[in-house]
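Here are my notes on the model you sent over, written as numbered points. Have the structure open while you go through them.

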Amino acid sequence: LSSPSGLTHESHKKDVEQVYLRCSEGSIEWMYPTGALIVNLRPNTSPASYKHLTVCIKPFKDSAGANIYLEKTGELKLLVRDGDRRPSKVYCFGYDQGGLFIEATPQQDISRKITGFQYELMSKGMASDLHTISAPCRPCSDTEVLLAVCTSDFVIRGSIQDVTNEAEEQESIIHVGVNKLYRQKSKVFQLTGESGNWRGQIKTLLECGVKPGDGDFLFTGRMHFGEARLGCAPRFKDFQRMYKEAKDKGLNPCEIGPD
């Protein structure tokens with residue numbers, strides 16, 4: 001977390017301050033923005049790998065006081081306009097497309113303004129292999145399911161306990177009861193004290209129309225900005241069939257117990 005403050009150079013409203021971030025994910029808050037801020041993402045990886053990186057930013061819900069641009073060799077491309085209130089909107093670009101230039105907008109009272117966002121760096125392959133980008137609600141093919149089992153941040157067998165729809169954010173929250181936890185990158189799925197069962201939440205797009213239903217599913221997906229996002233989610237009996245067929249042919253990309 002980086003938290004520069006515009007009050008440190010209030011008398012120099014044209015100042016440009018530079019911030020260097022080494023982590024692959026995190027957040028930045030610019031308190032009382034004045035002048036401009038250049039955000040340099042310098043992950044602890046070989047510079048040769050930079051061209052394979054995608055950068056995504058997600059502005060805080062109450063972020064205000066500055067425009068956020070993508071800057072390369074002096075040319076600016078507006079990413080987020082000050083006052084743009086689109087909850088959960090994520091902006092992504094290739095690392096080699098430029099850096100972030102944040103310019104404060106004129107304010108009568110800067111003490112009431114804080115510009116902030118979360119950021120993530122990921123490989124372009126990881127960003128593009130999410131079938132949800134091009135067709136967010138279509139079912140995955142057998143091959144996509146088997147690959148998702150090997151590469152996803154979380155893989156669980158579970159049932160849909162409830163679905164909460166958030167119209168403002170155009171998202172649905174799937175409340176999942178976990179029967180078997182194969183893998184999770186973060187502790188999204190946890191034991192609940194009252195029942196002693198594993199539970200967790202997965203987010204997906206509202207347009208996909210997810211509804212509570214009977215039976216078990218194999219839920220897979222990735223972590224984005226601290227939230228579990230749904231990837232492939234076949235019915236568990238269908239996963240068992242495709243896994244067995246692939247295993248019999250020696251084509252399954254990784255081993256996982258289907259039962």
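**Notes on the fold and a few residues**

1. Let me start with a strand pair: β2 and strand β9 (residues 114-123) run antiparallel and are joined by seven bridges. If you want one pair to click on, Gly26 has Tyr119 in β9 as its bridge partner. The two strands belong to an open, antiparallel sheet of four, ordered β2-β9-β4-β7. Its edges are β2 (25-31) and β7 (91-94), each of which pairs on one side only. On average, and ignoring direction, neighbouring strands in this sheet are turned by 25° against each other.

2. Before going further, a word on confidence. This is a predicted model, with a mean pLDDT of 84 for the protein and 86% of its residues at 70 or more. The stretch to watch is residues 128-134, where pLDDT stays under 50. The model has 12 contacts beyond four places in sequence for that stretch, and I'd read them with the low pLDDT in view.

3. Now the overall tally. The protein has three helices and 15 strands. Of its 259 residues, 42% are buried. Taking the contacts with a separation of 6 or more, 66% are between residues 24 or more positions apart.

4. There is also an open sheet of five strands, in the order β1-β3-β8-β5-β6, and here the pairing is mixed. β1 (16-21) and β6 (75-80) are the edge strands, pairing on one side only. From one strand to the next the twist averages 30°. Inside the sheet, strand β3 (residues 36-41) pairs with strand β8 (residues 99-104) in the antiparallel sense, over four bridges. Ile38 is a handy marker for this pair, with Phe101 as its bridge partner in β8.

5. What happens at the β5 and β6 end of that order? Strand β5 (residues 66-72) and β6 run antiparallel, with five bridges between them, and Tyr69 has Leu78 in β6 as its bridge partner. The two strands form a hairpin with two residues between them. Thr73 lies in the loop between β5 and β6 and has a positive phi of about 45°, although it is not a glycine. Most residues other than glycine have a negative phi. Thr73 counts as exposed because its relative accessibility is 73%, over the 50% cut-off.

6. Phe225 makes a good counterpart to look at next. Its phi is also positive, about 50°, and it is not a glycine either. Phe225 is found in the loop between β14 (217-224) and β15 (227-230). Is Phe225 buried or exposed? With 10% relative accessibility, it falls under the 20% cut-off and so counts as buried.

7. On to the core. The largest nonpolar core has 25 residues, and those touching the most other members are Val39, Leu41, Ile57, Leu79, Leu100, Ile102 and Phe117. Which residues does Val39 contact, leaving aside its neighbours within four places in sequence? They are Val19, Leu21, Ile28, Leu100 and Ile102. Leu100 and Ile102 are thus worth displaying alongside Val39, as they appear in that contact list and in the list of core members with the most partners.

8. Glu171 is the charged side chain I'd inspect. It is found in strand β11 (residues 171-184) and counts as buried because its relative accessibility is 4%. What does its side chain pair with? One polar contact, at 3.4 Å, goes to the side chain of Lys203, and another, at 2.7 Å, joins it to the side chain of Arg229. Not counting residues up to four places away in sequence, Glu171 also touches Ser88, Thr164, Asn165, Glu166, Thr204, Leu205 and Leu206, among others.

9. Last one, a long-range pair. Thr143 has its place in helix α2 (residues 142-151) and is exposed, with a relative accessible area of 61%. How far apart are Thr143 and Ala246 in sequence and in space? They are separated by 103 residues in sequence and by 9.2 Å in space, C-alpha to C-alpha.

Conventions. Residues are numbered from 1 along each chain as its sequence is written. This is a predicted model: local features need pLDDT of at least 70, side-chain atom pairs count only at pLDDT 80 or more; totals for chains, interfaces and linings use all residues. Side-chain values use heavy atoms; hydrogens and water are left out. Two strands pair if DSSP finds at least two bridges between them. Axes are lines fitted to C-alpha atoms, for helices over the stretch in contact, and angles run from 0 to 180 degrees between N-to-C directions. A nonpolar core is a set of buried Ala, Val, Leu, Ile, Met, Phe, Trp, Tyr and Cys residues joined through side-chain atoms within 4.5 Å. Buried means under 20% relative accessible area, exposed over 50%, partly exposed in between (1.4 Å probe, protein chains only). Contact means heavy atoms within 4.5 Å. A polar contact is a pair of N or O atoms within 3.5 Å; within protein, one must be able to donate a hydrogen and the other to accept it, and residues adjacent in sequence count only if both atoms are side-chain atoms. pLDDT is the predictor's confidence in each residue, from 0 to 100.
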